[in-house]
Amino acid sequence: MLQHIQQIFKRILLVGILTTLIFLGLANLSSAKVIAAVTQIGNPPEEIIYRSQVKLDDQSGKVWQVVLFKQVYSEQPSNINLRLVGFPGSAELIHPQPLRITTNTGKLWNANDIFLDAAPAPTVGQYDLTEILPQLPPESLTLSIPLPGKNSINIAVPIHVVKEWQSLISTEN
């Protein structure tokens, strides 16, 4: 009788542990989702800004706001910039330093730093992607921001964010 009760208890304990692990796994999956949407800002026809904004973690778990935006002016060519904003506790960025963009297949681009001398805040960087974005394949990317020495901050960009960025190319010029 005692062995039977022990077996039932072990089964209940096992089901409880498995249920907890499943719920924890689902919570991790839902928190790992990155939701972004292209929004339009501005007063047509003088200036329109198309923007994609997401929050992504770097390799050390620090959160960055990643904003790709396309500025369209009535009589001028449009430009596309990527702004990275580190939340409190993020590393201070050095200017001017190019942003290194790498695909999973090893292709590499260097985006020019817009802030030649100083940024609006020490954890802000902005880079010109006007010529680079049309060349990017629809795959995951790594953004590498140089730091002093040989260190860098690496931010993984999921494929669905890259595809959203590419949708900005076909918006009004």
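This report describes the fold, the nonpolar core and a few local features of the structure shown above.

The model is predicted, so that local features need pLDDT of at least 70 and side-chain atom pairs count only at pLDDT 80 or more, whereas totals for chains, interfaces and linings use all residues. Residues are numbered from 1 along each chain as its sequence is written, and side-chain values use heavy atoms, with hydrogens and water left out.

The protein has 2 helices and 9 strands, taken as DSSP runs numbered from the N terminus (H or I of at least four residues for helices, E of at least two for strands), and from the N terminus on these elements run α-β-β-β-β-β-β-β-β-β-α. Of its 173 residues, 35% count as buried, that is, under 20% relative accessible area with a 1.4 Å probe and protein chains only, where exposed is over 50% and partly exposed lies in between. Among contacts (heavy atoms within 4.5 Å) between residues at least 6 apart in sequence, 51% join residues at least 24 apart.

The largest nonpolar core, a set of buried Ala, Val, Leu, Ile, Met, Phe, Trp, Tyr and Cys residues joined through side-chain atoms within 4.5 Å, has 32 residues, and those with the most contacts inside it include Leu 82, Leu 143 and Trp 165. The elements that give two or more residues to this core include those tabulated here.

| Element | Residues |
|---|---|
| Strand E4 | 79–86 |
| Strand E5 | 99–103 |
| Strand E6 | 108–111 |
| Strand E9 | 152–157 |
| Helix H2 | 159–167 |

Leaving aside neighbours within four places in sequence, Leu 82 is in contact with residues including Val 66, Leu 99, Tyr 127, Leu 143 and Trp 165.

Strand E2 (residues 47–57) has a covered face formed by Ile 48, Tyr 50, Ser 52, Val 54 and Leu 56, while Gln 53 is among the residues of its uncovered face. E2 pairs with strand E3 (residues 63–73) in the antiparallel sense over 11 bridges, pairing being assigned if DSSP finds at least two bridges between two strands. Gln 53 stands opposite Val 67 in E3, and in the hairpin of the two strands, with 5 residues between them, Gly 61 takes a positive phi near 85°.

Glu 139, in the loop between strands E7 (124–128) and E8 (141–146), has a side chain that reaches the backbone nitrogen of Thr 105 at 3.3 Å. Not counting residues up to four places away in sequence, Glu 139 touches Thr 103, Asn 104, Thr 105, Ile 159 and Val 162.

Finally, the peptide bond from His 95 to Pro 96 is cis, with omega near -10°, and Pro 96 lies in the loop between E4 and E5.

Methods
A polar contact is a pair of N or O atoms within 3.5 Å; within protein, one must be able to donate a hydrogen and the other to accept it, and residues adjacent in sequence count only if both atoms are side-chain atoms.
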